[in-house]
Amino acid sequence: MRKGLFALAAVGLLATGSMAACGDDKAADTGSSAGTATKAGKVGVILPDTKSSARWETADLKYLTEAFKAAGVEADIKNAQGDKASFQTIADGMIQEGVKVLMIVNLDSGTGKNVLDNAKKAGIATIDYDRLTLGGGANYYVSFDNVEVGKLQGQGLIDCLTAAKATKPVVSFLNGSPTDNNATLFKEGAVSVLQPKFDSGDYTKGPDDAVPDWDNAKGGTIFEQQLTKDPKIAGVLAANDGLGNAAIEVLKKNKLNGKVPVTGQDATVQGLQNILAGDQCMTVYKAIKKEADAAAGLAVALAKSETPTTATGTVTDTESKATVPAVLLKPEAITKANVKTVVDDGFVTKAELCTAAYAAACTAAGIS
């Protein structure tokens, strides 16, 4: 994968106006007849799928819905369900109905660019949400520092291998989709931390594979092939919790779960439960509410024809060389020692996490 895709500056992006959102898992249309709702234009949002990560359904949809609703700005939030043709059709419909702002999470840069180009021709303001569309020319970009996410994963794996007193461990990579620029950045960050270990001979780099479309079932098959090829794998750099769980299921079949550290990302209920059970080493928590609020606040300002207030934050699109105003939020590493943080933040509830099988582990982790 290519490295160094972005030059990152210190960032912060706040928008004038209130932040808010609305939607269900198919299409969310809400508005208010009072005040700002009648004056503001409509916002269209396209989320990518519900398969690659639970977050798109359980977190982003929820927080965007709340944000636009609170601001009284009408929004249409739809999910492309991983289908490029559907993504394009949804976008065409939103453009034709005259949305004033279009926010997308692209399925790949090619599809995303086509949508952004069409929006631009129609005079619609555009926001890349979570994933930058390379060469797409979006007006704004809101995400987390994705290279930092990878660094946290790499360091987390090192910490777990150190705690396990592993000697010259073989580390395998189960990377995200090759068409997702974020996956490239996660890998870049992880390698920057792990490469010195490989160079010194302390670690051995094992199988290294990308998982098409972040498909967890394919991830399980790929990891099973990795383990067959190299049974000495002692650590797994999995790009998110879904792929981490896919690897853990394979490790369970081989009675290796809990013995081979596995990383993750997104702080899903499943990932956190795997951590509590001792089967997953760590995950990366991204406070999605902050990301959704920042993006919604920006969209609300644009929908009201207000000029967003931006700090000095930018990213450089290495394909177009364009500088894009941006906000990059800070991710946080989560291990068994601080799982409580995610519950305290309200990202997951105790009821969701601490089911009967995990009740004792939750109590031990201080979740009450």
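**Exercise 1. Find which element gives the largest share of the lining of the second largest pocket, and describe that pocket.**

Step 1. Start with the share: helix 2 supplies 5 residues, the largest share of this lining. Helices here are DSSP runs of H or I with at least four residues, strands are E runs of at least two, and both are numbered from the N terminus. We're working on a predicted model, where local features need pLDDT of at least 70, side-chain atom pairs count only at pLDDT 80 or more, and totals for chains, interfaces and linings use all residues. Residues are numbered from 1 along each chain as its sequence is written, and side-chain values use heavy atoms, with hydrogens and water left out.

Step 2. Add the other contributor: along with helix 2, helix 9 (269–277) gives at least two residues.

Step 3. Get the size, which is about 210 Å³. A pocket is an open set of points on a 1 Å grid over the protein atoms alone, with protein on both sides within 12 Å along at least five of seven lines; a cavity is a set where a 1.4 Å probe fits but cannot get out; lining residues have an atom within 4 Å of a point. Points are joined across faces, edges and corners, and the volume is the space filled by probe spheres set on them.

Step 4. Look at the lining: it has 16 residues, with Thr58, Val269, Phe347, Val348 and Glu352 closest to the centre. By class, that's 7 nonpolar, 5 polar and 4 charged. (Ala, Val, Leu, Ile, Met, Phe, Trp, Tyr, Cys and Pro count as nonpolar, Asp, Glu, Lys and Arg as charged, and the others, Gly among them, as polar.)

**Exercise 2. Work out what the buried residues of helix 9 pack against, and what follows the helix.**

Step 1. List the buried residues of helix 9: Gly271, Leu272, Gln273, Asn274, Ile275 and Leu276. Buried means under 20% relative accessible area, exposed over 50%, and partly exposed in between, with a 1.4 Å probe and protein chains only.

Step 2. Now find their partners. They pack against helix 8 (241–253), helix 11 (340–344), helix 12 (350–353) and helix 13 (359–364), plus strand 11 (283–285) and strand 15 (332–334). Contact means heavy atoms within 4.5 Å.

Step 3. Go past the end of the helix: Gly278 follows, with a positive phi near 85°.

Step 4. Check the other side too. Asp266 sits in the loop between helix 8 and helix 9, and so does Ala267. Neither is a glycine, yet phi is positive in Asp266, near 105°, and in Ala267, near 50°. Asp266 counts as buried because its relative accessible area is 7%; for Ala267 the figure is 0%, so it's buried as well.

**Exercise 3. Describe the largest cavity and the largest pocket, and say which residue appears among those nearest both centres.**

Step 1. Count the cavities of 30 Å³ or more: there are 3. The largest holds about 110 Å³.

Step 2. Pick out its lining. Of 14 residues, Trp56, Arg131, Trp214, Asp266 and Lys286 lie nearest the centre. Helix 2 (55–71) and helix 6 (181–200) are the elements that each give two or more residues. The classes are 3 nonpolar, 5 polar and 6 charged.

Step 3. Move to the largest pocket, at about 250 Å³. Its lining has 15 residues, and Asp49, Gly82, Leu107, Asp213 and Trp214 lie nearest the centre. Here the split is 2 nonpolar, 6 polar and 7 charged.

Step 4. Compare the two lists: Trp214 turns up in both.

Step 5. Take a second look at Trp56 from the cavity list. Arg55 lies over its face, 4.1 Å from the ring centre. (A charge sits over a ring if NZ of Lys or CZ of Arg is within 6 Å of the ring centre and within 35 degrees of the ring normal.)

**Exercise 4. Decide whether Ala190 is buried or exposed, and name its contacts.**

Step 1. Place Ala190: it's in helix 6.

Step 2. Read its accessibility. The value is 0%, so Ala190 is buried.

Step 3. List the contacts, setting aside neighbours within four places in sequence: Gly150, Lys151, Gly154 and Leu237.

Step 4. Finish with a distance: the C-alpha atoms of Ala190 and Glu148 are 8.4 Å apart, with their positions 42 residues apart along the chain.
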